[in-house]
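Q: Could you take me on a close look at one part of this model? I'd like to see how a helix sits against its partner, and what surrounds a couple of residues in that part of the fold.

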Amino acid sequence: MYKKQLTVQRVLCLAAIVVSVVLFLYSLGIMTDLYDALYDTMRNPNDLYQTDVPGSIVYYNMQAFNQYFLIYSIGLILLACLLFVTNTHSRRKYYIGNYISIGLFAAASVYITIFGHSYIEIFKAQFLQVDFAALKEHAEMWGTLYTESTFWFDIHYAVFGLMLLVSVLLIANAVWKVRLMKEEAKLIEEGRRAAV
């Protein structure tokens, strides 16, 4: 039984690294279309309300959020690495460090999901208020990107969903591990009694 559990915990620790990297790549990519489509519409960097496209200020409104989002994604990668530092991926018996690393990863995942989802939905609503007719005219005149796509806003459901799924599975794996450790301790105790 321990072999199956050890295999599962190894896979889950690798999955934690993978979803952390996916979150990092998402934090880098979320502004890509906005930059290509909206950055050049701002003609005066000192007065962001002087724009060829009403509503394009959403690009600047997202800057602070994106900085924090990037920092949080790097932090999640470090917490996923902590799973390996504490040998959570290979340890037969868990110690306090293993539970702490799992708890920190899960707590960070929940926090990032709440933080990211709330802000991304706000910025998506702001993006949908952009004057797309003016944006299309600007894109044709200057050869910039024209998009009405909310792909980068919408994909956060999949990214955060995967992150939460891995966190839940890490916690479930820890509960499974505790049960196996208790069963093993019980068998050892029964073996000692039988030997006496």
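A: Happy to! Let's begin with helix α1, which passes α8 in a left-handed crossing. Keep in mind throughout that this is a predicted model. Helix α1 covers residues 2–29 and α8 covers residues 156–195; their axes lie 9 Å apart, at an angle of about 155°. Angles over 145 degrees count as roughly antiparallel, so that is how α1 runs relative to α8. Where α1 and α8 meet, the contact residues comprise 21 nonpolar, four polar and three charged.

Now look at Ser 27, a residue of helix α1. With a relative accessible area of 1%, Ser 27 is buried. Setting aside residues up to four places away in sequence, Ser 27 touches Asn 66, Phe 69, Leu 70 and Ser 73. One of these partners, Ser 73, also shares a polar contact of 3.3 Å with Ser 27, formed between the two side chains.

From there, turn to Met 62, which sits in the loop between α3 (58–61) and α4 (63–85). Although Met 62 is in a loop, its relative accessibility is 0%, so it counts as buried. Beyond its neighbours within four places in sequence, Met 62 is in contact with Ile 30, Met 31, Leu 34, Phe 123 and Phe 153. For a sense of distance, try Lys 136: 74 residues separate it from Met 62 in sequence, and the two C-alpha atoms are 21 Å apart in space.

Key. Residues are numbered from 1 along each chain as its sequence is written. This is a predicted model: local features need pLDDT of at least 70, side-chain atom pairs count only at pLDDT 80 or more; totals for chains, interfaces and linings use all residues. Side-chain values use heavy atoms; hydrogens and water are left out. Axes are lines fitted to C-alpha atoms, for helices over the stretch in contact, and angles run from 0 to 180 degrees between N-to-C directions. Helices (H or I, at least four residues) and strands (E, at least two) are DSSP runs, numbered from the N terminus. Angles under 35 degrees count as roughly parallel, over 145 as roughly antiparallel, 65 to 115 as roughly perpendicular and the rest as oblique. A crossing is left-handed if the near helix is turned anticlockwise from the far one by less than a right angle, and right-handed if clockwise. Ala, Val, Leu, Ile, Met, Phe, Trp, Tyr, Cys and Pro count as nonpolar, Asp, Glu, Lys and Arg as charged, and the others, Gly among them, as polar. Buried means under 20% relative accessible area, exposed over 50%, partly exposed in between (1.4 Å probe, protein chains only). Contact means heavy atoms within 4.5 Å. A polar contact is a pair of N or O atoms within 3.5 Å; within protein, one must be able to donate a hydrogen and the other to accept it, and residues adjacent in sequence count only if both atoms are side-chain atoms.
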